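This explanation goes through one protein chain, from its overall form to a few single residues. Please keep the sequence and the model side by side while reading.

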Amino acid sequence: MIFEKKILVTGESGFIGSHLIRRLVKSYPNYDIHGLDALTYAANRSYNIDLEEHDNYHFHHINILDKKKLNDLFNKHQFSDIIHLAAESHVDNSISNPLLFAETNIIGTINLLNLFKEYSSGRFLHISTDEVYGDLSFDENPFDEKHAYSPNSPYSASKASSDHFVQAYYKTYDLDLISTNCSNNFGPHQHVEKLIPKIIYCILNDKKIPIYGDGKNIRDWLYVDDHVDALDIVFHDGVSGQKYNIGANNEISNIDLVKLICTICYQKKLHNNPQDLISFTNDRLGHDRRYAINSSKLTKNLNWKPSDNFHLLLSHTIDWYVNMFKF
Ligand SMILES: NC(=O)c1ccc[n+]([C@@H]2O[C@H](COP(=O)([O-])OP(=O)(O)OC[C@H]3O[C@@H](n4cnc5c(N)ncnc54)[C@H](O)[C@@H]3O)[C@@H](O)[C@H]2O)c1
């Protein structure tokens, strides 16, 4: 079969990558989809293992810092497009090991940009975070795409730098490049180090639920499938050289989120008194107060819309983790 595109998806065995690659393989049999991942502690290959039976899916166990293996891969496959998600993604780890984040998130991205420049004729879609904009006070307007970058953690600084490199390669080499900046995702397949799976894990195991500081930090939570929808749309219809913000319009403080999950878990009879497990800890260093995203460029220009049933999606997410933590 002659495929229309040959797409490399990096970070395919991580949280968002695992959902995105499933979507691409199943919805686009006319595309040859190649997943790449270094299979760090954050990866779980079992989420995608069933994709092996699809003729348009291939997996490559490669680290994006390994220039030799990457070069051989591009030489062999001549990918038309790249969707780049591979990254070190946990802010706490970036505080203890900033250099690893600089290497993977900055140098790894530059390695891919260089190979894209040399071999590819299609599009490079770079997946980034709203954390590059820094934080907002409670009464400020949500970040739009023109908001100045002001990253506060080594993680967000490394992602901000990678965004700048993408923009610089667009200007300098006239390549087809787009970046997206998304708010916090939730849903199945997320590593238990992240807030929502951690809360569920603690409730199921009758352990203290640690909350940084006063718990009033606000995040905007987007269901992972909505993010995948947005990436699908931007990849196909986005304008080269542009950035697109992706958010859910769904702001909630950490403490209210914990209480909501406690209520749902109580209703599901998973714990008799989950709120008793809440325990405040010292605040995270450099903890951003509030993130909120203005996605109107994406909703107006490209017709994307996030789901508006947060409680139901959270409930489904809890069911998925309950099942997963059983094994
Ligand atoms: N999770 C969120 O809420 C969120 C929000 C906005 C943007 N993002 C961005 O989306 C992307 C994916 O995030 P995620 O939550 O799925 O992260 P994740 O940590 O769950 O997955 C990252 C994947 O990248 C792989 N990886 C790490 N280093 C690598 C390397 N050197 N070479 C090859 N593969 C490597 C890991 O093995 C893992 O499978 C990241 O770029 C992140 O910055 C995430």
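Helices and strands are here DSSP runs, of at least four residues for a helix (H or I) and at least two for a strand (E), numbered from the N terminus. With that in hand, one loop can be placed: N249 is found between β10 (243–246) and β11 (251–253). The model is a predicted one, and N249 is taken up again further on.

The overall form comes next. The secondary structure of the protein chain comes to 10 helices and 12 strands. Its C-alpha trace spans about 55 × 45 × 40 Å along the principal axes. Is the radius of gyration that of a compact globule, or does the chain depart from that value? For 327 residues a compact globule would have a radius of gyration near 20 Å, and the protein chain has 19 Å, so the two agree.

Contacts and surface add to this picture. Of the contacts between residues at least 6 apart in sequence, 82% join residues at least 24 apart. Buried residues make up 56% of the 327 residues in the chain. The protein chain exposes about 14400 Å², and carbon and sulfur atoms supply 49% of that area. As for charge, the chain has 32 positive and 41 negative charges, and the mean positions of the two sets are 1 Å apart.

The aromatic residues can be looked at in pairs. A search of the whole structure finds 14 aromatic pairs. One of them joins Y28 and Y31, which are stacked, with 4.8 Å from centre to centre and 10° between the planes. Y28 counts as buried because its relative accessibility is 17%, under the cut-off of 20%. Y31, at 4% relative accessibility, counts as buried as well. How are the rings of W320 and Y321 arranged? Their centres are 4.8 Å apart and their planes stand at 90°, so this pair is edge-to-face. W320 has a relative accessibility of 24% and therefore counts as partly exposed, whereas Y321, at 0%, counts as buried. W320 and Y321 also belong to one aromatic cluster together with Y47, Y201 and F325.

Three asparagines show further local settings. N111 lies in helix α4, which covers residues 98–119. Its relative accessible area is 7%, so N111 is buried. Which residues does N111 touch, leaving aside its neighbours within four places in sequence? N111 is in contact with I64, L65, K67 and L70.

The other two asparagines are in loops, and their backbone angles deserve a look. Most residues other than glycine have a negative phi. N249 has a positive phi of about 60° although it is not a glycine. This residue, in the loop between β10 and β11, counts as exposed because its relative accessibility is 73%. N303 likewise is not a glycine and has a positive phi, of about 65°. Where is N303 found? N303 is in the loop between α9 (296–302) and α10 (310–325). With a relative accessible area of 69%, N303 is exposed, since exposed means over 50%.

How values were computed: Residues are numbered from 1 along each chain as its sequence is written. This is a predicted model: local features need pLDDT of at least 70, side-chain atom pairs count only at pLDDT 80 or more; totals for chains, interfaces and linings use all residues. Side-chain values use heavy atoms; hydrogens and water are left out. The radius of gyration is taken over C-alpha atoms; the globule rule is 2.2 Å times the number of residues to the power 0.38. Buried means under 20% relative accessible area, exposed over 50%, partly exposed in between (1.4 Å probe, protein chains only). Contact means heavy atoms within 4.5 Å. Accessible areas come from the Shrake-Rupley method with a 1.4 Å probe; for residues, only the protein chains shown count as cover. Lys and Arg count as positive and Asp and Glu as negative; His and the chain ends are not counted. The place of a charge is taken as NZ of Lys, CZ of Arg, CG of Asp or CD of Glu. Rings of Phe, Tyr and Trp (its six-membered ring) pair if their centres lie within 6.5 Å; planes under 30 degrees apart count as stacked, over 60 as edge-to-face and the rest as tilted.
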